[in-house]
Amino acid sequence: MVYETERLILRPWRQSDRQPFAAMNANSQVMRYFPSRLTAELSNLLADTLEEKMKVNGWGFWAVEEKYSGAFTGFVGLNVPSYPLPFSPCVEIGWRLDNAFWGKGYAPEAARKALEIGFEQYGMHEIVSFTALVNTPSQRVMEKIGMVRGEEFDHPALEAGHPLRRHVVYRIKKS
């Protein structure tokens with residue numbers, strides 16, 4: 001399925017997305033709130049996983065394309081985390097955009113569409129998002145799309161003492 005917003009297209013992944021996706025995942029600015037940057041090989045494995053989840057569920061992390069330029073900007077969408085969280089089971093909304101597209105309001109624009117799809121098309125009742133406490137840019141996006149801050153927790157995939165271990169969850173319910 002392909003979805004549109006005023007300025008963006010949320011769509012299935014294409015082979016041509018692989019190179020800009022790998023470059024984005026290797027970018028130290030883009031990945032500053034993640035434990036590490038990804039090699040091209042790991043980025044391609046992640047793309048394979050995202051494509052497979054999309055085929056199985058009908059939804060997932062869509063590739064995002066800028067309408068006027070056709071440029072791959074990153075991804076936005078819905079996901080069931082593969083690791084246990086204090087609030088599991090859950091569906092999360094997430095995004096990762098290349099820094100060339102930051103500051104344009106693209107993340108909240110695409111995220112609002114993903115929420116609409118989850119609630120209206122797939123009947124989800126609650127969607128969460130979570131990030132490291134230090135990731136205030138993502139927290140601002142969560143607030144812009146109407147999510148409410150919840151509890152803090154230690155991310156189970158990060159070891160004690162890791163600077164990104166402490167996370168916060170945000171929630172939104174179908175209205």
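This text walks through a predicted model, starting with a pair of helices and moving on to two loop residues.

The pair consists of helix α1, residues 18–26, and helix α2, residues 40–57. Their axes come within 9 Å and cross at roughly 120°. Angles from 65 to 115 degrees would count as roughly perpendicular and those over 145 as roughly antiparallel, so α1 and α2 are oblique to each other. The crossing in which α1 passes α2 is right-handed. On the α1 side, the contact is made by Arg18, Phe21, Ala22 and Asn25. On the α2 side, the residues are Ala40, Ser43, Asn44, Leu46, Ala47, Asp48, Leu50 and Glu51. By type, the residues of this contact comprise six nonpolar, three polar and three charged.

The next stop is a loop residue, Asn135. Asn135 lies in the loop that runs between β6 (126–132) and α4 (136–144). Its relative accessibility is 6%. Because buried means under 20%, Asn135 counts as buried. The side chain of Asn135 also reaches the backbone nitrogen of Ser138, at 3.1 Å.

On the other side of β6 in the numbering, the loop between α3 (106–121) and β6 holds Gly123. With a relative accessibility of 35%, Gly123 counts as partly exposed, because that class covers values between the 20% limit for buried and the 50% limit for exposed. Gly123 can also be placed relative to Lys174: the two are 51 residues apart in sequence, and their C-alpha atoms are 8.7 Å apart in space.

Definitions and conventions: Residues are numbered from 1 along each chain as its sequence is written. This is a predicted model: local features need pLDDT of at least 70, side-chain atom pairs count only at pLDDT 80 or more; totals for chains, interfaces and linings use all residues. Side-chain values use heavy atoms; hydrogens and water are left out. Axes are lines fitted to C-alpha atoms, for helices over the stretch in contact, and angles run from 0 to 180 degrees between N-to-C directions. Helices (H or I, at least four residues) and strands (E, at least two) are DSSP runs, numbered from the N terminus. Angles under 35 degrees count as roughly parallel, over 145 as roughly antiparallel, 65 to 115 as roughly perpendicular and the rest as oblique. A crossing is left-handed if the near helix is turned anticlockwise from the far one by less than a right angle, and right-handed if clockwise. Contact means heavy atoms within 4.5 Å. Ala, Val, Leu, Ile, Met, Phe, Trp, Tyr, Cys and Pro count as nonpolar, Asp, Glu, Lys and Arg as charged, and the others, Gly among them, as polar. Buried means under 20% relative accessible area, exposed over 50%, partly exposed in between (1.4 Å probe, protein chains only). A polar contact is a pair of N or O atoms within 3.5 Å; within protein, one must be able to donate a hydrogen and the other to accept it, and residues adjacent in sequence count only if both atoms are side-chain atoms.
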